[in-house]
Amino acid sequence: MTGFQSPNYTQTPNDLFDELLPQMGMAELKVVLCIVRHTFGYHRDEIKLSIRKIARFTGLNVNSV
């Protein structure tokens with residue numbers, strides 16, 4: 001990876017970092033960030049994501065999702 005393009009951001013609630021992050025494992029964090037990206041990142045309130053799609057996006061296997 002050579003760097004990030006700007007501006008290209010997804011707003012993420014501070015509570016995710018302040019309250020939830022210390023309690024999360026890596027797989028949980030990847031799944032939550034995937035959902036944040038597909039909702040807040042596209043200015044949506046909800047989205048249908050299959051377990052397989054989350055697995056592809058995060059690099060996790062279906063059982064981990």
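Which residues in α2 meet which residues in α3? On the α2 side they are K30, V31, C34, R37 and H38, and on the α3 side they are K53, I54, F57 and T58. Here "contact" means heavy atoms within 4.5 Å. We will come back to this meeting place after a look at the whole chain.

**How to read the model**

This is a predicted model, in which local features need pLDDT of at least 70 and side-chain atom pairs count only at pLDDT 80 or more, while totals for chains, interfaces and linings use all residues. Residues are numbered from 1 along each chain as its sequence is written, and side-chain values use heavy atoms, with hydrogens and water left out.

**The overall picture**

The protein has three helices and zero strands, and its pattern along the sequence reads α-α-α. Helices (H or I, at least four residues) and strands (E, at least two) are DSSP runs, numbered from the N terminus. The C-alpha trace spans about 35 × 30 × 25 Å along its principal axes.

Of the 65 residues in the protein, 20% are buried. Buried means under 20% relative accessible area, exposed means over 50%, and partly exposed is in between (1.4 Å probe, protein chains only). Among the contacts with a separation of 6 or more, 38% join residues 24 or more positions apart.

**Where α2 and α3 pack**

Two packed helices are described by the angle between their axes and the distance between the axes. Helix α2 covers residues 26-39 and helix α3 covers residues 51-58; they pack at an angle of about 100°, with their axes 10 Å apart. That makes α2 roughly perpendicular to α3, a label for angles of 65 to 115 degrees (under 35 counts as roughly parallel, over 145 as roughly antiparallel, and the rest as oblique). The axes are lines fitted to C-alpha atoms, for helices over the stretch in contact, and angles run from 0 to 180 degrees between N-to-C directions.

By class, the contact of α2 with α3 has four nonpolar, two polar and three charged residues. In this scheme Ala, Val, Leu, Ile, Met, Phe, Trp, Tyr, Cys and Pro count as nonpolar, Asp, Glu, Lys and Arg as charged, and the others, Gly among them, as polar.

One member of this contact deserves a closer look. H38 sits in helix α2 and is buried, with a relative accessible area of 9%. Leaving aside its neighbours within four places in sequence, H38 touches R44, I47, L49, K53 and F57.

**Some residues to find in the structure**

The table gathers five residues by place and accessibility.

| Residue | Place | Relative accessible area | Class |
|---|---|---|---|
| P13 | segment before α1 | 36% | partly exposed |
| N14 | helix α1 | 57% | exposed |
| F17 | helix α1 | 43% | partly exposed |
| H43 | loop between α2 and α3 | 76% | exposed |
| R52 | helix α3 | 61% | exposed |

What is the phi of H43? It is near 55°, a positive value in a residue other than glycine. For background, most residues other than glycine have a negative phi.

F17 makes contact with T12 and P22, leaving aside its neighbours within four places in sequence. The C-alpha atoms of F17 and V32 are 11 Å apart, and the two residues are 15 residues apart along the chain.

Other pairs help you get a feel for distances across the model. N14 and K53 are 39 residues apart in sequence and 26 Å apart in space, C-alpha to C-alpha. For R52 and T12, the values are 40 residues and 23 Å, C-alpha to C-alpha. P13 and V62 are 49 residues apart along the chain, and their C-alpha atoms are separated by 26 Å.

**The largest pocket**

Which residues line the largest pocket? They are F4, N8, Y9, T10, R37 and G41. By class, this lining has two nonpolar, three polar and one charged residue. The space in the largest pocket is about 160 Å³. A pocket is found on a 1 Å grid over the protein atoms alone, as an open set of points where a 1.4 Å probe fits, with protein on both sides within 12 Å along at least five of seven lines; lining residues have an atom within 4 Å of a point. Grid points are joined across faces, edges and corners, and the volume is the space filled by probe spheres set on the points.
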